[in-house]
Every structure is written in structure tokens, then in C-alpha cells.
Amino acid sequence: MCSQTCSSETSQIIGRSVSAETVRNVIRQAGYKSRVARKKPFISLQNQKKRLEFAKTHQLKTNNFWNKVIFSDESKFNIFGSDGRRTVWRNPKTALAPQNLRPTVTHGGGSVMVWGCMASTGVGNLVFIDGIMNHIVYLDILHNNLKESAKNFGLDGNFIFQHDNDPKHTARNVKMWCFFHCKQQLHTPSQSPDNNVIENLLATLETAVQKHKIRNKAHLKQVLQEEWGKISSDTTKKLVESVPRRLEDIIKAKGHGN
């Protein structure tokens, strides 16, 4: 919008000296507010084409199709919240007040990696991943959790499994297991969080977890499990119902992110 250079530009136009603060006050009065710019992953031209192709291929799928999809993803949760910048509302000279501080410890305090899945009818198992997440670990997660979750969804033997094109998801042994146990698959393109509604669910989970004062990894796991269990089927149903609109948005944006 307008930076501090506005003051010099304005003085050239109206022939008088105007301070940068005066310009900022006018901008505020007009309804504009300073905000931290949102981070948005870069989407390559190749992935834009893949996203657009995926959206066009699936835009006419009915609710009956999407209600059979089991969405899945992995996510990392830090003991002291996300890695990104966070802001607080505070009075002047209260920066060091306990309620305005974001606690940190040496090396970030640790984190917990989870795998989760959801369908229109609710959430499935939440699995904690210890160590490095590779195709062997991923295969073990699917073998021990996917069918059980599908049964709880009421989709036993009749579901479409969604996962993206991450190398561990497309490894040969994973492909072989899926061939025999979940032949119907939905591979969403890379750099497409808007295609995978469980990412919204995991973001909601993180917000809920950040309201707790997490003490250690064990406590973080406990809170994650508790908050995951509170997610209602109404929430998951609305997310799945939003998929067609998301695809329309991708088509309108010609593959760009929203």
C-alpha cells in the first residue's frame, strides 16, 4: 500500500511538508491497518498445471464420491506452538509481562509428529510418529490404522484413500500394499493444501493445542489426543462439502493458490 516514502511523494504533489506519521494516520482513518504479510508457498508452473488438471478432472464429482474419501496427512506440532511469527495485543511498556511472552527453551523444546485421517463422518486414528518418517514407517501406519479407521467411518471395503505424491507415499512397497488393500486412491498434487481438507483440520487442532500450557512431549501427546477426540462430525462434514468449491477456486485461479 504505502510506505514511509509516501511523505516525500506527498510533499511533491501538494507543495508542503507532511510527516510520515501524518500519512500513516490518514491511512488508518481510511480503514487500513498494518498487518504482517501472510506467507504463501511458491507454486511452480509445473505444479500449477497439475493442480489445474486435478481440479478440472474432479470438479464434477458428486457428494457421493467425496463422502467415500478418507483424507490423510502428517503434521508436526511444537511444544511451544508453531515455528511462525505470532503477535499479541498489549499496552506500551508491557512487552515482558508473562501474558505477553512466548516461552522458548533451548533447541525449541521438541516437537511431535503425527499422522491422522478423516472422512465426512468424523476423524480416524491419530498416530504418533517416533523417529524418522519414511516409507517403512508409513506402511506400518497404513497397515495398523487405515482399515480400522475406514470401518469406524462406515466405509469398510468401500473407500477412496487420499494421500499426496510425497516419495514415501509412492514407494514401491506402499504401492503394492495399496494395490491389495485400497485399490481406489486419490493422489492430490504437490503444493496443494487447499485440495486436502485435513490440513484445515490439523490447523484447527494446533490452535486448540496452543491454548494449553504444554509442559513436555508426553503432555503434548495427551493434549493432542484429547483435542483430536473433540472434533465433531459436523466439522468434518462441512470440510468435505467444501471440496467442490475449492476445486472451482483453483480453476478460476488457473492453478494458483488462494
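These exercises work through the salt bridges, burial, fold and confidence of one predicted model.

Residues are numbered from 1 along each chain as its sequence is written, and side-chain values use heavy atoms, with hydrogens and water left out. In this predicted model, local features need pLDDT of at least 70 and side-chain atom pairs count only at pLDDT 80 or more, while totals for chains, interfaces and linings use all residues.

**Exercise 1. State how many helices and strands the protein has, and how much of it is buried.**

Step 1. Take helices (H or I, at least four residues) and strands (E, at least two) as DSSP runs, numbered from the N terminus. The protein has 10 helices and 5 strands.
Step 2. Apply the burial classes: buried is under 20% relative accessible area, exposed is over 50%, and partly exposed lies in between (1.4 Å probe, protein chains only). Of the 258 residues, 38% are buried.
Step 3. Count contacts (heavy atoms within 4.5 Å). Of those between residues at least 6 apart in sequence, 73% join residues at least 24 apart.

**Exercise 2. Find the salt bridges and classify the partners of K168, K230 and R245.**

Step 1. Set the criterion: a side-chain nitrogen of Lys or Arg within 4 Å of a carboxyl oxygen of Asp or Glu. A search of the whole structure gives 6 salt bridges. Side chains of opposite charge can pair when their charged atoms come close.
Step 2. Take K168. Its side chain meets that of D166 at 3.1 Å, N to O. K168 is buried at 16% relative accessible area. D166 is partly exposed at 26%.
Step 3. Take K230. Its partner is E227, at 3.3 Å, N to O. K230 is exposed at 58% relative accessibility, whereas E227 is buried at 11%.
Step 4. Take R245. Its partner is D249, with the closest N and O atoms 3.5 Å apart. Both residues lie in helix α10 (residues 243–252), 4 residues apart, about one turn of the helix. D249 is partly exposed at 24%. R245 is also partly exposed, at 45%.

**Exercise 3. Locate stretches where pLDDT is under 50, and count their contacts.**

Step 1. Start from the average. pLDDT is the predictor's confidence in each residue, from 0 to 100. The protein averages 82, and 78% of the residues score at least 70.
Step 2. Go to residues 36–40. Here pLDDT stays under 50, and the model has 4 contacts beyond four places in sequence.
Step 3. Go to residues 102–108. Here pLDDT is below 50, and the stretch has 10 contacts beyond near neighbours in sequence.
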